[in-house]
Amino acid sequence: MNGTNIFGRMTRSAAALAVICLVGCTGGRLDGYFAKNGQVDEREIALTEGVSLATGAEYENFILKGQALTSENGEAALLFHSDGEQGYEITIRNGAQDGSIKTGSLRSVRNLYRSLAADGEWFDFELAVRGKNIAVKVNGVDVVCYTEPEKPYREAAHAAKLIGKGKVVLKGVKGDVKFRHLAMETLAADARNESELVMPAIDEQTDHVIRFQQRDFPVIDWHVHLKGGLTKEMAHAMSMNYGINYGVAPNAGEGGVGRMLADDAEVRAYYEEVKNHPFLFGVQGEGRKWTQTFSQEALGIFDYLFTDAMTIIDHKKRNARIYRAEEVIRDGVTMDQYMEQIVDQTVKILTNEPADIFANATYIPDDMNADYDKYWTEERVDRVLDVLEKYNIALEISARYKIPSLDIIKKAKARGIKFTFGTNNVDANFGRLEYSLEAVEKCGLTVEDMWFPTMSVRRERKPVIYNHFDASGKRVK
């Protein structure tokens, strides 16, 4: 094909030759592509696997801006404070949310799992190093704001990821990635980031999240709600500070707490409001009417959809939110019989309501929870796991409620069921996935056990209207 592929770009061998030619014209140094005298360098740098360019000079405090373009599955690395081979690393990789580390990530320190850029399109990036602070922007949006602590935690494989001084390197990792319009601004030794996060410092010597980041294990809280004073801006700052990716979700339906979306128009308006923020975007089917209220097309614009069984239709055909004691009305039914209702409803919900994730999984009312293991018998657990396995629904490990139990998680893993982490926060004061990450360690979960949106099958399932309600909201046959 004369050195080009079907996308009009050079093949790997042709690209490599082109880069060698470009390197030869500039002494083999990346510095030769930095803007000079305010003039943008229009030349493109085409990188393929194993091809790299490094600066001759070493940099300490600086701002590096430029543009990049990735081919499908293309990946590159931007190293800084590097010896030419190791150092801090910014990932350049776009594409679907498949669990791979995405553009803007401060690799193995602040990994991101959704990119604000797309393959085949030029996008802006900016890396700023000021003192101990590292800030990364993608298309003008802050995606990393990390301040290296006095005693950073680094495993042996990442020992070189430390603030100091060194070269800047562009390195091809996979496929084809191009760069252009590079501009380097050196900063004074006392430069500081005026927008540095003012939040409680993280002690990495005791922090559990950084340990998972060092292993490139995805730390994602898929169940965050903007309510109780938690704004988009606060969630953004908390996510960057703690090193936890947030999946932010509104409630679509009725009966929940916080922001409730009432129809397709509100669903689409909400998505437009948040789509340019560095979150993963989910929606929660709330109550038992949501499949009748919203179209699959409207809900399909979100990365993922989850629901729970915290609202059931009880034996008197009442809408019962079992997390509210006043709505758990047994009318002479024993607790064990009521538990049967919960399990029956859970199976119906997961069978008929197309969701990606079963959230708040295995929740039971507070007055029954002290006997959780008694009520969640092996037969009842199997009934729920059967439907999860049949419809490829992921099981949420709830940091807030500390459920499911470790035994149930182990059983789900043995069946090949995938997992997500979730908090289901009530306000802006929530934790850092402590129980979820503890479950990973104690149950032997690996990256292969985790769920990602590319695994979703919900759009292939049609909702079954199994509940019918009259004008008063009461269920009827």
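These exercises, each with a worked solution, concern a predicted model.

In this model, local features need pLDDT of at least 70 and side-chain atom pairs count only at pLDDT 80 or more, while totals for chains, interfaces and linings use all residues. Residues are numbered from 1 along each chain as its sequence is written, and side-chain values use heavy atoms, with hydrogens and water left out.

**Exercise 1. The open sheet**

State the strand order of the open sheet of six strands, and explain why β1 and β8 have one side without a neighbour.

Solution. Begin with the terms: strands (E, at least two residues) and helices (H or I, at least four) are DSSP runs numbered from the N terminus, and two strands pair if DSSP finds at least two bridges between them. The order is β1-β10-β3-β6-β7-β8, with antiparallel pairing. β1 (45-47) and β8 (141-147) stand at the edges with a single partner strand each, so one side of each lacks a neighbour in the sheet. From one strand to the next the twist averages 25 degrees. Next, take one pair: β7 (residues 133-138) and β8 run antiparallel and are joined by six bridges. Within β8, Thr147 is the bridge partner of Asn133.

**Exercise 2. The largest cavity**

Describe the volume and the lining of the largest cavity.

Solution. On a 1 Å grid over the protein atoms alone, a cavity is a set of points where a 1.4 Å probe fits but cannot get out, and lining residues have an atom within 4 Å of a point. The structure holds seven cavities of 30 Å³ or more. The largest contains about 210 Å³ of space, a volume being the space filled by probe spheres set on the points, which are joined across faces, edges and corners. It is lined by 23 residues, and Leu112, Val143, Ser239, Asn245 and Pro278 are the closest to its centre. β8, α3 (232-242) and β12 (245-248) each supply at least two lining residues; β8 gives the largest share, four residues.

**Exercise 3. Two helices**

How are α10 and α11 oriented to each other?

Solution. Axes are lines fitted to C-alpha atoms over the stretch in contact, and angles run from 0 to 180 degrees between N-to-C directions. The axes of α10 (residues 378-391) and α11 (residues 406-414) come within 11 Å and cross at roughly 45 degrees. Angles under 35 degrees count as roughly parallel, over 145 as roughly antiparallel, 65 to 115 as roughly perpendicular and the rest as oblique. The two helices, α10 and α11, are therefore oblique to each other.

Note on methods. 1 Å grid on protein atoms, 1.4 Å probe; cavity = no way out; pocket = protein on both sides within 12 Å on 5 of 7 lines; lining within 4 Å.
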